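Please walk me through this structure. I would like to see how its parts meet, one contact at a time.

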Number of protein chains: 2
Amino acid sequence: MQYDSKTPIYLQVITALKLDIINERIKSGEKLPSSRDLAVQYTINPNTAARVYQELEREGVCYTKRGMGTFVTEDMGKIKQCRQEMAKGCLEDFLKQINELGITKEEAIEMIKNTTK
Amino acid sequence: MQYDSKTPIYLQVITALKLDIINERIKSGEKLPSSRDLAVQYTINPNTAARVYQELEREGVCYTKRGMGTFVTEDMGKIKQCRQEMAKGCLEDFLKQINELGITKEEAIEMIKNTTK
DNA sequence: CATAGTGTACTATCTACATAGTACACAGAT
DNA sequence: ATCTGTGTACTATGTAGATAGTACACTATG
């Protein structure tokens with residue numbers, strides 16, 4: 001994985017895992033890699049990996065069974081809620097930024113339509 | 001000014017100043033506050049303020065006359081270019097994020113239309 | 001020439017982030 | 001009971017960002 005130096009790595013890994021969960025690349029109830037394995041996969045420190053799981057657990061997206069591992073929540077509502085929050089967050093950020101740049105919503109929509117992909 | 005703890009303060013001040021320049025709240029050729037005054041206005045350290053100006057100068061948005069102060073560039077092309085880059089950046093970020101969330105461009109446009117403001 | 005305002009260059013300190021390494025506690029399997 | 005895999009806790013180190021304080025050099029003005 002390629003990291004953006006402007007934002008803490010642990011936040012970037014959290015986002016990556018949330019997207020895996022939202023897009024069901026990792027399914028509800030499924031076991032996540034151990035913190036040590038996660039550290040290897042993402043080339044981060046085991047401490048940072050542990051921090052990632054603690055934060056995901058705090059947000060209710062995952063839960064931990066000591067000695068067993070960390071698992072994705074079985075509560076699909078939590079996962080949907082997480083997706084909603086992320087969508088809302090990036091929409092609000094976008095609107096705020098274009099507003100500051102003096103770009104109207106209509107112009108922004110045109111810009112989006114004009115993108116090839 | 002209110003700062004986001006997730007991003008370095010000096011980057012946030014740089015963005016704020018760029019928006020002032022783009023929106024002509026500070027005009028082309030105009031003198032910017034001294035680094036010491038900027039530090040007071042934004043409640044940051046004089047060193048951080050100096051760093052802000054060094055970065056803006058590196059990007060060609062401002063220039064410095066030693067002993068005189070820092071001024072907005074007279075090159076309107078540079079300012080327009082800066083605005084274009086910021087617009088492009090936030091559009092690309094937005095599209096990337098909604099794509100990762102499994103939201104299509106059409107859905108995103110609907111979301112934007114449905115915002116009140 | 002003296003002064004005030006300015007950019008610039010240091011050193012020092014503090015915090016958050018990230019890494020490195022070690023140790024311990026719990027759960028399941030053999 | 002032992003072993004393995006797991007989460008958890010701790011100390012130590014390095015770096016970047018931010019702050020604090022000081023000092024110096026340049027420019028315009030009086």
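In this predicted model, a polar side-chain atom of Asn47(B) lies 2.8 Å from a base nitrogen of DNA strand D. That is a polar contact, meaning a pair of N or O atoms within 3.5 Å; within protein, one must be able to donate a hydrogen and the other to accept it, and residues adjacent in sequence count only if both atoms are side-chain atoms. Asn47(A) also reaches strand D: one of its polar side-chain atoms is 3.3 Å from a base nitrogen there. The backbone of strand D is met as well. An N or O atom in the side chain of Arg51(B) sits 3.1 Å from one of its phosphate oxygens.

Now take in the wider surroundings of strand D. There are 24 residues around it, and Pro8(B), Ile9(B), Tyr10(B), Asn45(B) and Asn47(B) come nearest. A residue counts as near a strand or molecule if one of its heavy atoms lies within 4 Å of it. Of the strand D atoms within 4 Å of the protein, 65% belong to sugar or phosphate, and the rest belong to bases. Both chains help to form this surface. Chain A supplies at least two residues from each of α2 (35-41) and β2 (69-72), and chain B does so from each of α1 and α3 (46-58). Helices (H or I, at least four residues) and strands (E, at least two) are DSSP runs, numbered from the N terminus. The largest share, three residues, comes from α3(B). By class, the surface near strand D has six nonpolar, 12 polar and six charged residues. Here Ala, Val, Leu, Ile, Met, Phe, Trp, Tyr, Cys and Pro count as nonpolar, Asp, Glu, Lys and Arg as charged, and the others, Gly among them, as polar.

Turn to DNA strand C. Of the 24 residues around it, Pro8(A), Ile9(A), Tyr10(A), Asn45(A) and Ser35(B) come nearest. Sugar and phosphate make up 65% of the strand C atoms that come within 4 Å of the protein. Two contacts go to phosphate oxygens. One is 3.4 Å from a backbone N or O atom of Tyr10(A). Another is 3.1 Å from an N or O atom in the side chain of Thr48(A). A base is reached too: a polar side-chain atom of Asn47(B) lies 3.4 Å from a base nitrogen of strand C. The elements giving two or more residues to this surface are α1 (9-22) and α3 (46-58) of chain A, with α2 (35-41) and β2 (69-72) of chain B. The largest share, three residues, comes from α3(A).

How do the two protein chains meet? Contact means heavy atoms within 4.5 Å, and it takes 27 residues from chain B and 27 residues from chain A. The buried area is about 2,600 Å², with carbon and sulfur atoms giving 73%. Buried area is the accessible area (1.4 Å probe) that two parts lose on being put together, summed over both. In chain B, Leu101(B), Lys105(B) and Ile112(B) lose the most area to chain A, together 24% of what that side buries. Eight residue pairs are in polar contact across the interface, both residues at pLDDT 80 or more. On the chain B side, α1 (9-22), α4 (76-100) and α5 (105-113) each supply at least two residues. The largest share, 11 residues, comes from α4(B). That side has 16 nonpolar, five polar and six charged residues.

How are the copies related? A rotation of 180° with 0.0 Å of shift along its axis superposes chain B on chain A (RMSD 0.0 Å). The two copies are thus related as by a two-fold rotation axis. Superposition is by least squares on the C-alpha atoms of residues with pLDDT of at least 70 in both. Moreover, 100% of the interface residues of chain B are also interface residues in chain A, so the copies meet through the same surface.

Residues are numbered from 1 along each chain as its sequence is written, while chains are lettered from A and ligands numbered from 1 in the order in which they are written. Local features need pLDDT of at least 70, side-chain atom pairs count only at pLDDT 80 or more, and totals for chains, interfaces and linings use all residues, while side-chain values use heavy atoms, with hydrogens and water left out.
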